[in-house]
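User: I should like to learn how to read the features of a protein model in a systematic way. Could we proceed from the chain as a whole to its individual residues?

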Amino acid sequence: MKMTTGLIIGLIVLISAFGFYSCKGKDKSSEKYVQPEKVTVTKVNENPYPGLRTQAINVTAEQLKLKLDDDKAVYGIAMDWNMGNAIITVFSFTTGDASVYISTGQVLIGGYAHETVVDAAKEFVKIGENYISIAKKTDKIEPTNESKVDFYLLTKSGKYYIEDDLTLIQNGKSELSKLFEAGNKVITEYRLIADKK
């Protein structure tokens, strides 16, 4: 699907409301993240978030036409970033597909048409593979509690789950900080696409 003008405008407004920014300079590790107090809640008639999130988290390797020899190979990853009054969910797959769903009703799709989003999505999944050994197998699919970030690693053998406190992650004091930065990179690439329009 191509991103419509309305979606691009919505993305610009959304990103502005969320206050995404990054520090000047070459050190990418000093990247800043969304400030929870700047989230704007938008009312929508029918919120697509629950259905889209459930559908994406249940995508199988077969549906993606992937042939995986290892049942624990990570083919997809979901990140739920619970900011209190909104949850940002990022999905990425080894195919390069990526989407961002926001619990207030906004949907960001179509990034597969942009090499930068595809690269960020693949890198997010690749980094996620390093965490399969500490993740726990789960049947749970609900987003995490307030002030937490959780990750679902999708494999042929099932879903694996890990989470940590947002503050620890943002301060680089969590073993999940690098994974969070990779998920945030997917969001950033969507923002940069909007900035070019």
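Analyst: We may begin with the contacts of the whole chain in this predicted model. Of the contacts between residues at least 6 apart in sequence, 62% join residues at least 24 apart. The chain has 197 residues, and 47% of them count as buried.

User: How many helices and strands are there in the chain, and what pattern does the chain follow along the sequence?

Analyst: The chain contains 5 helices and 7 strands. Their order along the sequence is α-α-β-β-β-β-α-β-β-β-α-α.

User: How is one helix to be read, and which residues of H3 are buried?

Analyst: In general, an α-helix has 3.6 residues a turn, so residues three or four places apart point the same way. Helix H3 covers residues 115–129, and its 15 residues reach 21 Å from the first C-alpha to the last, close to the 21 Å expected at 1.5 Å a residue. Its buried residues are Val117, Val118, Ala120, Ala121, Phe124, Val125, Ile127 and Gly128. They pack against strands E1 (76–82), E2 (87–93), E3 (98–102) and E6 (148–155), and against helix H5 (177–196).

User: What describes the packing of two helices, and at what angle do the axes of H3 and H5 cross?

Analyst: Two packed helices are described by the angle between their axes and the distance between the axes. The axes of H3 and H5 come within 9 Å and cross at roughly 170°. Because angles over 145 degrees count as roughly antiparallel, H3 is roughly antiparallel to H5. H3 contributes Thr116, Val117, Ala120, Ala121, Phe124, Ile127 and Gly128 to the contact, while H5 contributes Lys178, Leu179, Ala182, Gly183, Lys185, Val186, Glu189, Tyr190 and Ile193. By type, the residues of this contact divide into 10 nonpolar, 3 polar and 3 charged.

User: Is H5 mostly covered or mostly uncovered, and where does Glu189 stand in terms of accessibility?

Analyst: H5 is mostly covered, with 14 of its 20 residues buried. At 1.5 Å a residue, H5 should span 28 Å, which agrees with the 28 Å between its end C-alpha atoms. Glu189 lies in H5 and counts as buried, at 7% relative accessibility. Leaving aside residues up to four places away in sequence, Glu189 touches Thr116, Val117 and Ala120. Glu189 and Gly111 are 78 residues apart in sequence, yet their C-alpha atoms are 8.6 Å apart in space.

User: Which residues of H2 are buried, and what covers them?

Analyst: In helix H2 (residues 49–57), the buried residues are Tyr49, Arg53, Ala56 and Ile57. They cover an arc of only 95° around the axis, which puts them on the same side of H2. Their cover includes E1, E2, E3, E6 and strand E7 (158–165).

User: Finally, how should backbone phi be read, and which residue between H2 and E1 deserves a look?

Analyst: Most residues other than glycine have a negative phi. Lys65, in the loop between H2 and E1, has a positive phi of about 60° although it is not a glycine. Lys65 is exposed, with a relative accessible area of 73%. Ser147 also has a positive phi, near 65°, and is found in the loop between strand E5 (136–138) and E6. Ser147 counts as partly exposed, at 40% relative accessibility.

Terms used: Residues are numbered from 1 along each chain as its sequence is written. This is a predicted model: local features need pLDDT of at least 70, side-chain atom pairs count only at pLDDT 80 or more; totals for chains, interfaces and linings use all residues. Side-chain values use heavy atoms; hydrogens and water are left out. Helices (H or I, at least four residues) and strands (E, at least two) are DSSP runs, numbered from the N terminus. The expected span of a helix is 1.5 Å times one less than its number of residues. Buried means under 20% relative accessible area, exposed over 50%, partly exposed in between (1.4 Å probe, protein chains only). Contact means heavy atoms within 4.5 Å. Axes are lines fitted to C-alpha atoms, for helices over the stretch in contact, and angles run from 0 to 180 degrees between N-to-C directions. Angles under 35 degrees count as roughly parallel, over 145 as roughly antiparallel, 65 to 115 as roughly perpendicular and the rest as oblique. Ala, Val, Leu, Ile, Met, Phe, Trp, Tyr, Cys and Pro count as nonpolar, Asp, Glu, Lys and Arg as charged, and the others, Gly among them, as polar. The arc is that of the directions from the helix axis to the C-beta atoms.
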